[in-house]
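Here is a friendly tour for anyone who likes to check a model residue by residue. Have the viewer open and follow along.

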Amino acid sequence: MAITLKEERRLLTAAEFEAVEPTHYPRICGLSRDELVAAERRLREFRDKARDIARQQRREMRGKSAPRGAAPARDNTGTTRKKQIFVQGLKRVRRELRRFEQAEARPPSQAEIARRALEMKRASRMRHHPDAGATAHGGMRATPNPGDTVRVDPREIGRVSQFVKAAQARRDAG
(Lines give C-alpha, C1' and ligand atoms only; values in the text may rest on other atoms or scores of the structure.)
Protein backbone atom coordinates (compact mmCIF):
# COMPACT_ATOMS: atom_id res chain seq x y z
CA MET A 1 0.00 0.00 0.00
CA ALA A 2 1.36 3.43 -0.92
CA ILE A 3 2.15 5.87 1.84
CA THR A 4 0.91 9.40 1.23
CA LEU A 5 3.01 12.53 1.71
CA LYS A 6 0.69 13.61 4.50
CA GLU A 7 1.30 10.34 6.36
CA GLU A 8 5.05 10.59 5.72
CA ARG A 9 5.08 14.09 7.19
CA ARG A 10 3.21 12.82 10.25
CA LEU A 11 5.44 9.79 10.85
CA LEU A 12 8.87 11.31 10.18
CA THR A 13 10.86 13.94 12.02
CA ALA A 14 11.69 17.17 10.19
CA ALA A 15 15.21 15.99 9.30
CA GLU A 16 13.93 12.61 8.08
CA PHE A 17 11.18 14.19 6.00
CA GLU A 18 13.70 16.64 4.55
CA ALA A 19 15.75 13.63 3.36
CA VAL A 20 12.76 11.73 1.92
CA GLU A 21 10.77 14.55 0.33
CA PRO A 22 13.11 15.27 -2.64
CA THR A 23 12.97 11.59 -3.66
CA HIS A 24 9.37 11.94 -4.84
CA TYR A 25 8.54 12.59 -8.46
CA PRO A 26 8.91 15.02 -10.18
CA ARG A 27 11.56 16.56 -7.87
CA ILE A 28 13.82 13.50 -8.10
CA CYS A 29 14.21 14.05 -11.85
CA GLY A 30 15.87 17.41 -11.20
CA LEU A 31 18.55 16.02 -8.87
CA SER A 32 22.11 15.57 -10.08
CA ARG A 33 24.04 12.32 -9.73
CA ASP A 34 25.97 13.64 -6.71
CA GLU A 35 22.76 14.73 -4.99
CA LEU A 36 21.22 11.31 -5.65
CA VAL A 37 24.26 9.54 -4.19
CA ALA A 38 24.12 11.77 -1.08
CA ALA A 39 20.37 11.18 -0.74
CA GLU A 40 20.92 7.43 -1.03
CA ARG A 41 23.52 7.54 1.73
CA ARG A 42 21.26 9.57 4.08
CA LEU A 43 18.23 7.36 3.37
CA ARG A 44 20.25 4.22 4.00
CA GLU A 45 21.39 5.58 7.37
CA PHE A 46 17.83 6.47 8.37
CA ARG A 47 16.56 3.08 7.17
CA ASP A 48 19.20 1.21 9.15
CA LYS A 49 18.40 3.21 12.28
CA ALA A 50 14.65 2.55 11.93
CA ARG A 51 15.33 -1.14 11.28
CA ASP A 52 17.47 -1.45 14.40
CA ILE A 53 14.91 0.36 16.58
CA ALA A 54 12.06 -1.79 15.21
CA ARG A 55 14.09 -4.94 15.90
CA GLN A 56 14.76 -3.78 19.48
CA GLN A 57 11.07 -2.97 20.01
CA ARG A 58 10.07 -6.40 18.72
CA ARG A 59 12.48 -8.02 21.20
CA GLU A 60 11.06 -5.89 24.04
CA MET A 61 7.49 -6.88 23.13
CA ARG A 62 8.43 -10.56 23.23
CA GLY A 63 10.26 -10.11 26.52
CA LYS A 64 13.61 -11.13 25.04
CA SER A 65 15.30 -7.83 25.85
CA ALA A 66 15.31 -5.30 28.64
CA PRO A 67 13.40 -2.10 27.81
CA ARG A 68 15.53 0.81 26.62
CA GLY A 69 13.11 3.34 28.08
CA ALA A 70 11.09 3.45 31.27
CA ALA A 71 8.59 0.88 29.98
CA PRO A 72 8.90 -1.86 27.36
CA ALA A 73 7.59 -1.12 23.87
CA ARG A 74 4.02 -2.20 23.28
CA ASP A 75 3.86 -1.54 19.54
CA ASN A 76 6.33 -0.96 16.74
CA THR A 77 4.05 -0.25 13.77
CA GLY A 78 5.17 3.39 13.57
CA THR A 79 8.82 2.42 13.39
CA THR A 80 8.17 -0.24 10.75
CA ARG A 81 6.17 2.28 8.69
CA LYS A 82 9.14 4.66 8.96
CA LYS A 83 11.40 1.93 7.66
CA GLN A 84 9.01 1.30 4.75
CA ILE A 85 9.07 5.00 3.85
CA PHE A 86 12.87 4.98 3.74
CA VAL A 87 12.93 1.78 1.70
CA GLN A 88 10.52 3.25 -0.85
CA GLY A 89 12.66 6.40 -1.07
CA LEU A 90 15.77 4.27 -1.59
CA LYS A 91 14.05 2.36 -4.40
CA ARG A 92 13.16 5.61 -6.15
CA VAL A 93 16.73 6.93 -5.80
CA ARG A 94 18.28 3.67 -7.04
CA ARG A 95 15.92 3.61 -10.02
CA GLU A 96 16.96 7.16 -10.92
CA LEU A 97 20.65 6.31 -10.52
CA ARG A 98 20.16 3.32 -12.80
CA ARG A 99 18.67 5.66 -15.40
CA PHE A 100 21.78 7.83 -15.15
CA GLU A 101 24.00 4.80 -15.69
CA GLN A 102 22.00 3.62 -18.69
CA ALA A 103 22.08 7.09 -20.25
CA GLU A 104 25.84 7.31 -19.81
CA ALA A 105 26.50 3.85 -21.19
CA ARG A 106 27.50 4.20 -24.82
CA PRO A 107 25.96 1.90 -27.36
CA PRO A 108 28.34 -0.75 -28.72
CA SER A 109 30.02 -0.07 -32.07
CA GLN A 110 29.23 -2.14 -35.13
CA ALA A 111 32.60 -3.89 -34.82
CA GLU A 112 31.85 -4.94 -31.24
CA ILE A 113 28.45 -6.25 -32.30
CA ALA A 114 30.06 -8.25 -35.13
CA ARG A 115 32.72 -9.68 -32.79
CA ARG A 116 30.06 -10.75 -30.30
CA ALA A 117 28.02 -12.37 -33.09
CA LEU A 118 31.10 -14.29 -34.25
CA GLU A 119 31.77 -15.49 -30.70
CA MET A 120 28.17 -16.63 -30.37
CA LYS A 121 28.37 -18.45 -33.72
CA ARG A 122 31.57 -20.25 -32.72
CA ALA A 123 30.12 -21.16 -29.35
CA SER A 124 27.03 -22.65 -30.99
CA ARG A 125 29.19 -25.06 -32.99
CA MET A 126 30.29 -26.72 -29.81
CA ARG A 127 28.19 -29.60 -28.58
CA HIS A 128 25.91 -28.35 -25.86
CA HIS A 129 23.98 -31.53 -25.25
CA PRO A 130 25.17 -35.05 -24.48
CA ASP A 131 24.74 -37.82 -27.03
CA ALA A 132 21.23 -39.26 -27.14
CA GLY A 133 22.60 -42.78 -26.87
CA ALA A 134 20.86 -45.70 -28.58
CA THR A 135 18.11 -44.54 -30.90
CA ALA A 136 15.57 -46.25 -33.16
CA HIS A 137 17.94 -46.03 -36.13
CA GLY A 138 18.80 -49.70 -35.96
CA GLY A 139 15.27 -50.78 -35.08
CA MET A 140 13.76 -51.62 -31.74
CA ARG A 141 15.73 -53.68 -29.30
CA ALA A 142 14.08 -56.40 -27.24
CA THR A 143 14.24 -55.80 -23.52
CA PRO A 144 14.24 -59.03 -21.56
CA ASN A 145 11.72 -59.22 -18.74
CA PRO A 146 13.67 -59.69 -15.51
CA GLY A 147 10.64 -60.94 -13.57
CA ASP A 148 9.74 -64.60 -13.10
CA THR A 149 7.25 -65.87 -15.61
CA VAL A 150 4.81 -68.62 -14.69
CA ARG A 151 4.98 -71.58 -17.03
CA VAL A 152 1.62 -73.28 -17.52
CA ASP A 153 1.20 -76.58 -19.27
CA PRO A 154 -0.58 -75.87 -22.59
CA ARG A 155 -2.81 -78.93 -22.04
CA GLU A 156 -4.11 -77.28 -18.87
CA ILE A 157 -5.10 -74.19 -20.83
CA GLY A 158 -6.99 -76.32 -23.35
CA ARG A 159 -8.70 -78.28 -20.60
CA VAL A 160 -9.96 -75.12 -18.87
CA SER A 161 -11.23 -73.56 -22.08
CA GLN A 162 -13.09 -76.77 -22.98
CA PHE A 163 -14.60 -76.89 -19.48
CA VAL A 164 -15.88 -73.33 -19.81
CA LYS A 165 -17.26 -74.08 -23.27
CA ALA A 166 -19.18 -77.11 -21.95
CA ALA A 167 -20.54 -75.12 -18.99
CA GLN A 168 -21.88 -72.41 -21.31
CA ALA A 169 -23.52 -75.04 -23.52
CA ARG A 170 -25.25 -76.57 -20.45
CA ARG A 171 -26.47 -73.17 -19.33
CA ASP A 172 -27.87 -72.35 -22.77
CA ALA A 173 -29.63 -75.72 -23.01
CA GLY A 174 -31.03 -75.73 -19.51
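## Lys83 on helix H4

Lys83 counts as partly exposed, because its relative accessibility is 29% and that class covers values between 20% and 50%. The model you are looking at is predicted. Lys83 sits in helix H4, and setting aside residues up to four places away in sequence, Lys83 touches Arg47, Ala50 and Arg51. For a sense of scale, try the C-alpha atoms of Lys83 and Arg170: they are 91 Å apart in space, with their positions 87 residues apart in sequence.

## Thr79, also on H4

Is Thr79 buried or exposed? Thr79 belongs to helix H4 and has a relative accessible area of 14%, so this residue is buried, the cut-off for that class being under 20%. Beyond its neighbours within four places in sequence, Thr79 contacts Ala50, Ile53, Ala54 and Gln57. Ala50 is thus worth selecting in your viewer, since it appears among the contacts of Thr79 and among those of Lys83, with the contact cut-off at 4.5 Å.

## How H3 and H4 pack

A pair of packed helices is described by the angle between their axes and by the distance between those axes. Here H3 and H4 pack at an angle of about 155°, and their axes are 8 Å apart. The two helices are therefore roughly antiparallel to each other, as angles over 145 degrees fall in that class. Which residue types make up this contact? The residues of the contact of H3 with H4 divide into 14 nonpolar, 11 charged and four polar. As for handedness, the crossing of H3 and H4 is left-handed.

Arg41 offers another stop on helix H3. With 48% relative accessibility, Arg41 counts as partly exposed. The C-alpha atoms of Arg41 and Gln162 are separated by 95 Å, and the two residues are 121 residues apart along the chain.

## The nonpolar core

In soluble globular proteins, nonpolar side chains tend to be buried together. In this model, the largest nonpolar core has 18 residues, and those touching the most other members are Leu12, Val20, Leu36, Leu43, Ile85, Phe86 and Val93. Helix H2 (14–20), helix H3 (33–62) and helix H4 (77–104) are the elements that give two or more residues to this core.

What does Phe86 contact, leaving aside its neighbours within four places in sequence? Its partners are Leu12, Glu16, Val20, Leu43, Phe46, Arg47 and Ala50. Leu12, Val20 and Leu43 in that list are also named among the core residues that touch the most other members.

## The loop between H2 and H3

Pro26 has its place in the loop between H2 and H3. The peptide bond leading into it from Tyr25 is cis, with omega near 5°, so it is a good dihedral to look up for yourself.

Ile28 is found in the loop between H2 and H3 too. Its relative accessible area is 0%, so Ile28 is buried. Apart from its neighbours within four places in sequence, Ile28 is in contact with Pro22, Thr23, Leu36, Arg92, Val93 and Glu96. Leu36 and Val93, both on that list, are core residues named above. Finally, the C-alpha atoms of Ile28 and Gln168 lie 140 residues apart along the chain and are separated by 94 Å.

Key:
Residues numbered from 1 in each chain as written. Predicted model: local features only at pLDDT ≥ 70, side-chain atom pairs only at ≥ 80, totals over all residues. Heavy atoms only, no water. Core = buried A, V, L, I, M, F, W, Y, C linked by side-chain atoms within 4.5 Å. Buried < 20%, exposed > 50% of the residue type's maximum accessible area, 1.4 Å probe, protein only. Helix = DSSP H or I, 4+ residues; strand = E, 2+ residues; numbered from the N terminus. Axes fitted to C-alpha atoms, helices over the stretch in contact; angles between N-to-C directions. Parallel < 35°, antiparallel > 145°, perpendicular 65-115°, else oblique. Left-handed = near helix turned anticlockwise from the far one by under 90°. Nonpolar A, V, L, I, M, F, W, Y, C, P; charged D, E, K, R; others polar.
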